[in-house]
Amino acid sequence: MSISTDARELQPELVRLRHELHQEPETGLQLPRTQEKVLKALDGLPFEITLGKSTTSVTAVLRGNAPHASATKPTVLLRADMDGLPVQERTGVDFSSKIDGAMHACGHDLHTAMLAGAATLLAERRDQLAGDVVLMFQPGEEGWDGASHMIAEGVLDAAGRRADAAYGMHVFSGLEPHGRFCTKSGVMLSASDALTVTVLGAGGHGSAPHVAKDPVTAAAEMVTACRS
Ligand SMILES: [Zn+2]
């Protein structure tokens, strides 16, 4: 059967998993109930599983068994973030969050379920895989730097050598039609960061603003210029 037919067959199970994840959202780096659900979804599949030490991450390696695979076979990493947000859910859907003050409001429940689905589809095709696959189930995406914890614990080399490529994705509601998949070459998703700039001016008397150096005007100009 084709991979899309197999994926469609998995759909009810993945929807159920997504709803379970949605009902029990966890935030930050410690997501024990989410980790439990991921491990249950991977149970019985031929993955080498490593759990995070400083977080509840899950790393799962699938060894490709294609007959033509060489010793230098490539490694591809697929990543899904798993954490929810400190948001009160008021959507009214029948699988709403049961945790007060926490919600999967960014769609990471979908990402987690999708990667679990990919795990099943890839495992079924293990004998056709010319390389290894690393699944990276990451906690703490929402400002907790979860990826760096996993990198420090070796996720990029989980298959025994550095991953040749890594893919992440994010669901996107409201701006694109249902069913559309968007991508581009190079980097695509943003990251937030902080920088500190000190703008020094020179004070003056209100009667002679033209001889002062107003740092507020300069700072405002800088903000506008940074956007272009
Ligand atoms: Zn997100």
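Here are three short exercises with worked solutions on strand S2 and the cores of this predicted model.

Residues are numbered from 1 along each chain as its sequence is written. Local features need pLDDT of at least 70, side-chain atom pairs count only at pLDDT 80 or more, and totals for chains, interfaces and linings use all residues, while side-chain values use heavy atoms, leaving out hydrogens and water.

**Exercise 1.** Work out which strands pair with S2.

*Solution.* Start with the terms: strands are DSSP E runs of at least two residues, and helices are H or I runs of at least four, numbered from the N terminus. Two strands pair if DSSP finds at least two bridges between them. S1 (residues 47-51) pairs with S2 in the antiparallel sense over five bridges, and a hairpin of six residues joins S1 to S2. S4 also pairs with S2, antiparallel, over five bridges.

**Exercise 2.** Find the partners of leucine 62 in these pairings.

*Solution.* Phenylalanine 47 stands opposite leucine 62. In S4, the bridge partner is valine 133.

**Exercise 3.** Decide whether S2 is enclosed or open, and place leucine 62 in a core.

*Solution.* Buried means under 20% relative accessible area with a 1.4 Å probe, protein chains only. Five of the five S2 residues are buried, so S2 is largely enclosed by the rest of the structure. Val58, Ala60 and Leu62 point one way, Thr59 and Val61 the other. Next, a nonpolar core joins buried Ala, Val, Leu, Ile, Met, Phe, Trp, Tyr and Cys residues through side-chain atoms within 4.5 Å. The largest has 17 residues, and Leu62 is among those touching the most other members. Helix H3 (108-124) is one of its suppliers, giving the largest share, four residues. Val61 belongs to a second, separate core of eight residues.

Terms used
Buried means under 20% relative accessible area, exposed over 50%, partly exposed in between (1.4 Å probe, protein chains only).
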